[in-house]
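Biologist: I should like to learn how to read a structural model feature by feature. May we work through one together?

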Amino acid sequence: MALYVQKFGGTSVGTPERIKKVAERVGRFRKEGHDVVVVVSAMSGETNRLIDLAKQIHEEPSPREMDMLVSTGEQVTIALLAMALEQQGVPATSYTGAQVGIVTDQAHTKARIKEIDTESIREDLNEGRVVVVAGFQGVDEDGNITTLGRGGSDTTGVALAASLKADECQIYTDVDGVYTADPRICSKAKRLESITVEEMLELASMGSKVLQIRAVEFAGKYKVPLRVLSSFEENEGPGTLIIADDEETPSMEEPLISGIAHHTNEAKLTVLGAPDIPGVAAKILGPIGDNNIEVDMIVQNVSPDGKSTDFSFTVARGDYKKAQEILEEVVKEMGSGKVIGDTAIAKVSLVGVGMRSHAGVASLMFKTLAENSINIRMVSTSEIKISVVLDEKFTELAVRSLHTAFGLDKQD
C-alpha cells in the first residue's frame with residue numbers, strides 16, 4: 001500500500017457537491033488501503049471575495065492582516081471536507097497550516113516554507129485517519145499566520161509529500177494534465193504524457209497556470225513524483241507525470257518543443273537616458289529588489305553617444321505602480337533619466353529540452369511572428385527556453401501560430 005498526498009484546487013472544492021465528490025475520490029483510495037493526506041485550497045472565488053472585502057476597508061491593508069484574512073478561506077474547506085469524509089465512514093482530521101506545523105519565513109503574502117513538523121500527521125495516519133491540511137498557509141517563528149502567494153496550495157502539497165516521503169503527490173485540478181499550450185486559446189493543444197521537471201519549471205515560470213513554480217522546485221529538489229490529474233472526470237486517466245531531469249525517457253529529444261506558455265500579467269518599465277557607467281544597473285534594480293519586487297526580463301541599450309543608456313525590465317503587473325514610484329526616486333538621485341512604462345504587454349515562451357541539440361528555433365519563432373505582423377519588444381533565452389515580450393492584443397494569435405509552426409498540432 002502507498003502514501004499519497006493529494007491536492008485539490010479551488011474549482012475542485014467550489015461547491016458542497018464538489019466537496020462531496022472529492023470525499024468520494026479520497027475515500028476510494030483509503031478503502032483500498034492507501035494512506036492519504038489531502039491538501040485543499042479555498043473554495044473557488046473565496047480568496048478574491050476576501051481580498052475585495054479588505055479593499056473596501058483599506059486601500060492598502062498591511063500584509064500581516066491580509067494573511068490573517070485570506071487564510072480563513074482554506075479553513076472553511078478543510079472542515080467541510082473532513083465532515084464529508086466522516087459522513088462516508090472515513091475517519092478524518094483537519095488542520096490549518098499553523099496546526100500542522102508548517103513553519104515559514106516572515107515574508108507576508110509571499111512566505112517560503114522553512115520546515116514542516118509531520119509528527120501529528122503520522123500519528124493520524126497510523127490510526128487510519130485521512131489528514132486534511134489547509135494549503136497556501138503556514139506560521140512564522142513568532143506565531144504570525146503567513147501565506148505562500150497565489151497558487152501556494154501546490155507548494156504545500158509537494159512540500160508535505162517531500163517531508164512525508166510520499167510515494168506520489170497528485171495535483172487535482174480542472175484540467176487532465178499539462179498541455180502543449182493553453183487549450184482554451186489553442187484548440188489543437190495536446191496533453192503530454194510526461195514532462196521533465198526542468199521543462200515544467202520553465203513553463204510554470206513563463207505563465208503556465210497548471211502548477212506553481214515553487215511546487216515544481218520542491219518536486220525537483222526532493223525527487224517527489226508529481227502527477228497532474230483532473231478532479232472532474234470519473235475515469236481520471238493517467239494525467240501528466242512530472243519526471244526528474246535525470247530520468248531517461250525514449251522521447252527526450254522529441255518533440256523539439258514540449259510546450260508554449262503565455263503570461264499576460266506583465267508590465268514593462270524603462271529608464272531612458274540613464275548614465276552609461278559601471279554600477280548603473282545595480283542602482284536601478286537594487287531598490288526594486290529591496291522592496292521584494294521580482295524582476296523578469298532585462299534589456300539594456302547603449303545610446304549612439306556612448307554616454308547614456310536605456311534600461312528596461314519587466315515586473316508583475318501588480319507590482320508596476322510601486323516599481324514606478326521607486327524608479328522615479330532613483331532617477332532623481334542619479335540626476336538624469338526619465339521613467340516610462342507599459343502595462344499592455346504579454347510574454348510568450350517556447351519550452352523544450354530538444355532545443356539543446358537543435359539549431360534554428362529562434363529564427364523559426366521570429367519568422368513566424370513576423371509573418372503574422374507581430375512585433376517583438378524584448379527577448380530572453382535559456383538552454384531550453386525562448387521568451388518574447390509583445391503587445392498583449394497579439395497573445396492568442398502568437399500562441400496559435402507558433403503551436404502550428406513547431407508541429408505541435410500534429411496528432412500522435
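Biologist: Is Lys223 buried or exposed?

Modeller: This is a predicted model, and what follows should be read in that light. Lys223 is exposed, because its relative accessible area is 51% and the cut-off for that class is over 50%. Its place is the loop that joins α9 (213-221) to β11 (226-230).

Biologist: What sign does the phi of Lys223 have?

Modeller: The general idea comes first. Most residues other than glycine have a negative phi. Lys223 departs from that pattern: although not a glycine, Lys223 has a positive phi of about 55°.

Biologist: Which value does the phi of Phe136 take, and where does Phe136 lie?

Modeller: Phe136, again not a glycine, has a positive phi of about 80°. Phe136 sits in the loop between β6 and β7 (137-139). With a relative accessible area of 6%, Phe136 is buried, whereas Lys223 is exposed.

Biologist: Let us turn to a single helix. Which residues of α6 are buried?

Modeller: In general, an α-helix has 3.6 residues a turn, so residues three or four places apart point the same way. In helix α6 (residues 119-126), the buried residues are Ile121, Asp124 and Leu125. Viewed down the axis of α6, these buried residues fall within an arc of 100°, so they line one face of the helix. Glu119 and Asn126, on the other side of α6, are exposed.

Biologist: What do the buried residues of α6 pack against?

Modeller: Their partners are the strands β1 (3-8), β2 (35-40), β3 (92-95) and β6 (130-134), together with the helices α5 (97-100) and α7 (152-164). Just after α6 comes Gly128, which takes a positive phi of about 80°.

Biologist: I should next like to read pairs of helices. At what angle do α7 and α9 cross?

Modeller: For a pair, one reads the angle and the distance between the axes, then the hand of the crossing, then the residues in contact. The axes of α7 and α9 cross at roughly 15° and come within 7 Å. The two helices are therefore roughly parallel to each other, since angles under 35 degrees count as such. Their crossing is left-handed.

Biologist: Which residues make the contact between α7 and α9?

Modeller: From α7 come Asp154, Thr155, Val158 and Ala159, and from α9 come Arg214, Ala215, Phe218 and Ala219. By class, this contact of α7 with α9 has 5 nonpolar, 1 polar and 2 charged residues.

Biologist: How do the axes of α1 and α4 cross?

Modeller: Helix α1 (residues 16-31) and helix α4 (residues 72-87) have axes that come within 9 Å and cross at roughly 55°. α1 and α4 are therefore oblique to each other, and α1 passes α4 in a right-handed crossing. The contact involves Ile19, Lys20, Val22, Ala23, Val26 and Gly27 of α1, with Leu80, Leu81, Ala84 and Leu85 of α4. The residues of the contact of α1 with α4 comprise 8 nonpolar, 1 polar and 1 charged.

Biologist: At what angle do α12 and α13 pack?

Modeller: Helix α12 (residues 361-371) and helix α13 (residues 395-405) pack at about 130°, their axes 10 Å apart. That angle makes α12 oblique to α13. α12 passes α13 in a right-handed crossing. On the α12 side the contact is made by Leu364, Met365, Thr368 and Leu369, and on the α13 side by Ala398, Ser401, Leu402 and Ala405. The residues of this contact of α12 with α13 are 6 nonpolar, 2 polar and no charged.

Biologist: Finally, how does one read a residue within a strand? Is Ser387 buried or exposed?

Modeller: One asks for its element, its accessibility and its contacts. Ser387, in strand β18 (residues 385-391), is buried, with a relative accessible area of 1%. Beyond its neighbours within four places in sequence, Ser387 is in contact with Met206, Met297, Lys347, Val348, Ser349, Met378, Val379 and Ser380.

Biologist: Which residues is Asn301 in contact with, leaving aside its neighbours within four places in sequence?

Modeller: Those residues are Ser308, Thr309 and Asp310. Asn301 lies in strand β14 (residues 295-302) and is partly exposed, with a relative accessible area of 41%.

Notes
Residues are numbered from 1 along each chain as its sequence is written. This is a predicted model: local features need pLDDT of at least 70, side-chain atom pairs count only at pLDDT 80 or more; totals for chains, interfaces and linings use all residues. Side-chain values use heavy atoms; hydrogens and water are left out. Axes are lines fitted to C-alpha atoms, for helices over the stretch in contact, and angles run from 0 to 180 degrees between N-to-C directions. Helices (H or I, at least four residues) and strands (E, at least two) are DSSP runs, numbered from the N terminus. Angles under 35 degrees count as roughly parallel, over 145 as roughly antiparallel, 65 to 115 as roughly perpendicular and the rest as oblique. A crossing is left-handed if the near helix is turned anticlockwise from the far one by less than a right angle, and right-handed if clockwise. Contact means heavy atoms within 4.5 Å. Ala, Val, Leu, Ile, Met, Phe, Trp, Tyr, Cys and Pro count as nonpolar, Asp, Glu, Lys and Arg as charged, and the others, Gly among them, as polar. Buried means under 20% relative accessible area, exposed over 50%, partly exposed in between (1.4 Å probe, protein chains only). The arc is that of the directions from the helix axis to the C-beta atoms.
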